[in-house]
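Thanks for coming. I will take the ligand site and then two pieces of sheet. Please have the structure open on your screens.

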Amino acid sequence: MFYQIYPRSYASSDPSPTGDLAGIEARLDHLSWLGVDAVWISPFYPSPQADFGYDVADFCDVDPTFGDLAAFDSLLAACHERGLRLLVDLVPNHTSDQHPWFVAARSGRDDPRRDWYIWRDGDRETPPNNWVAAFRPVPAWTWDDATDQWYLHQFLPEQPDLNWDNPAVVEAMHGVMRFWLDRGVDGFRVDVVHGIGKEPGLPDDPPEMAGVPHATLNDTARTHELIRGMRELLDGYPGDRLLLGEVYLLSTEKVARYYGDGDELHLAFNFPPLYTPWDAARWQVQIADTRRHIDERGAWATWVLSNHDNVRHRTRYGGEPRARAALFLLLGLRGSPVLYAGEELGLDDAVVPPERVVDPGGRDGCRAPIPWTGAPDHGWGVTDAWLPWPPDASNRNVEDLVADETSITHLYRRLLAARKSSAALRDGDHTPVDVPDGVVAWRRTAPDGSGDRILAVNMGGEPARLTTVTGTVLVASDGAGEGDEFSGTLSADRAVLVDPAD
Ligand code: TEU
């Protein structure tokens, strides 16, 4: 399983409103205690922070806000000493407009770097095609006054898209990958990896998609070739190195293609389940889709409910009981879970008043700093962090929740331990279990014939009678009845992990 850290908000090594790499290192005990296997850190590279680090000005350094390369090396060594894997965030689709490559490209049409980006002629009133940028419904093109051409940006104008049709760009980004692999990282979370190849001729998006960001639609054969190149590079390194790609296409069938024939991504984010409400019938469709498109292709799925781009799932689903029960989906379904720092505290999104909004994509709430203690500075040395604290931080903080064995934090730890010790939960096959409407239940069958596991999550509003689930409750979302025979009734918004009697 993976645990995502948003470095600006995780922890600081000195009194500061923003986090840093040394702060993460100082908190690794928390991750070991929880039972985390691998950490993915969002960008910490030098950046003007127009998109909070996803606008990179130097792919091979650390922004002074977060430390320096020595701090990174120290963090990596500390992770490895504890048996934790570390993935860094590779942002191959675009750079910052302050990156020296773009500064050079923009300096003149004849600059050798010009063709590292995507430029088009035209008149300044009519963008080259109808592609729409992310975050705001504006064209994905900006007119450059100095050189009288448009440049493409699927995200902010400060994030020009690289031209991966230029072999020099491919080579440069491979160089970036080598830089981090040579330092010893275990792989990459690859930002909007489906965006890097572009359909030849840059055709318009279909008219029925007008207003939909092109970044959620870009899906072309060229990208698969480019990913195969990245995979080949990775496979040339000793040890297990991993490509976990962000394929932001809201179709599991499309996401699945980015696994290739075992020669593209090792793992891909599959976001349709993240956008699925607390509704058993809808979840059953997502689970069936994942099985059909990912499992049956021989690929390995991922499950994610929260990250730095979306309202936290506790807030979306409405309350802690559902956040607790949702963990049984994340850790119990076949695949690798990706957790987002703070979900083990059952954090709600912070309430961010208009004058404190900083993100152009309106995603500040889920990026609030992690409260480590109940004191007014919550372990940060300053009372005013870069974003408001999440609600109820004086009670809902690491120190207090770790001290309380009934807390959601302990539930995360117990279920992670149960997963680690069960071959069925780690690698087992999945078979749906027949249960009444409103409930999702499934059996995991151990590949080595060791004990099966049954999981059931009640998303209906009523208690459900489950005649097909018998055995001993190993973990319950509210902690009740663990070690006892399952009573046969699962109340609303509750989930259980059962060691079946048969
Ligand atoms: O996200 C890709 C992406 O498509 C999101 O921006 C999404 O459209 C939006 O968040 C929906 O609310 C990745 C990163 O995760 C994100 O933080 C970056 O802003 C983006 O790429 C650009 O690098």
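One remark before the details: this is a predicted model.

I start with the make-up of the shell around the ligand. By class, it has seven charged residues, five nonpolar and three polar. That shell is the set of 15 residues that surround the ligand, and the closest are Asp 51, His 94, Asp 191, His 308 and Asp 309.

Which pocket holds the ligand? The ligand sits in the second largest one.

Now to particular side chains. For Asp 309, an N or O atom of the side chain is 2.5 Å from an oxygen atom of the ligand. For His 94, the corresponding side-chain N or O atom is 3.0 Å from a ligand oxygen. Glu 246 also has a polar side-chain atom by a ligand oxygen, at 3.1 Å. How much of the ligand does the protein cover? On its own the ligand has 490 Å² of accessible area, and the protein covers 90% of that.

Let us leave the ligand and turn to the strands. β4, β6 and β5 form an open sheet, in that order, with antiparallel pairing. Why is one side of β4 and of β5 left without a neighbour in the sheet? β4, residues 119–120, and β5, residues 141–144, stand at the edges, and each has a single partner strand, so one side of each stays without a neighbour there. The partner of β5 is β6, residues 149–152; four bridges join these two antiparallel strands. One bridge to look at links Trp 141 with Leu 152 in β6.

The second piece is a hairpin. Strand β12 covers residues 429–432 and strand β13 covers residues 439–445, and they pair in the antiparallel sense over four bridges. Pro 432 has Trp 442, in β13, as its bridge partner. Six residues lie between the two strands of this hairpin, where Gly 438 takes a positive phi near 95°.

That is my last slide.

Methods
Residues numbered from 1 in each chain as written. Predicted model: local features only at pLDDT ≥ 70, side-chain atom pairs only at ≥ 80, totals over all residues. Heavy atoms only, no water. Near = heavy atom within 4 Å. Polar contact = N/O pair within 3.5 Å; in protein donor to acceptor, adjacent residues only side chain to side chain. Areas by Shrake-Rupley, 256 points an atom, 1.4 Å probe, with all protein chains shown as cover. 1 Å grid on protein atoms, 1.4 Å probe; cavity = no way out; pocket = protein on both sides within 12 Å on 5 of 7 lines; lining within 4 Å. Sits in = over half its atoms within 2 Å of the grid points. Nonpolar A, V, L, I, M, F, W, Y, C, P; charged D, E, K, R; others polar. Pairing = 2+ DSSP bridges.
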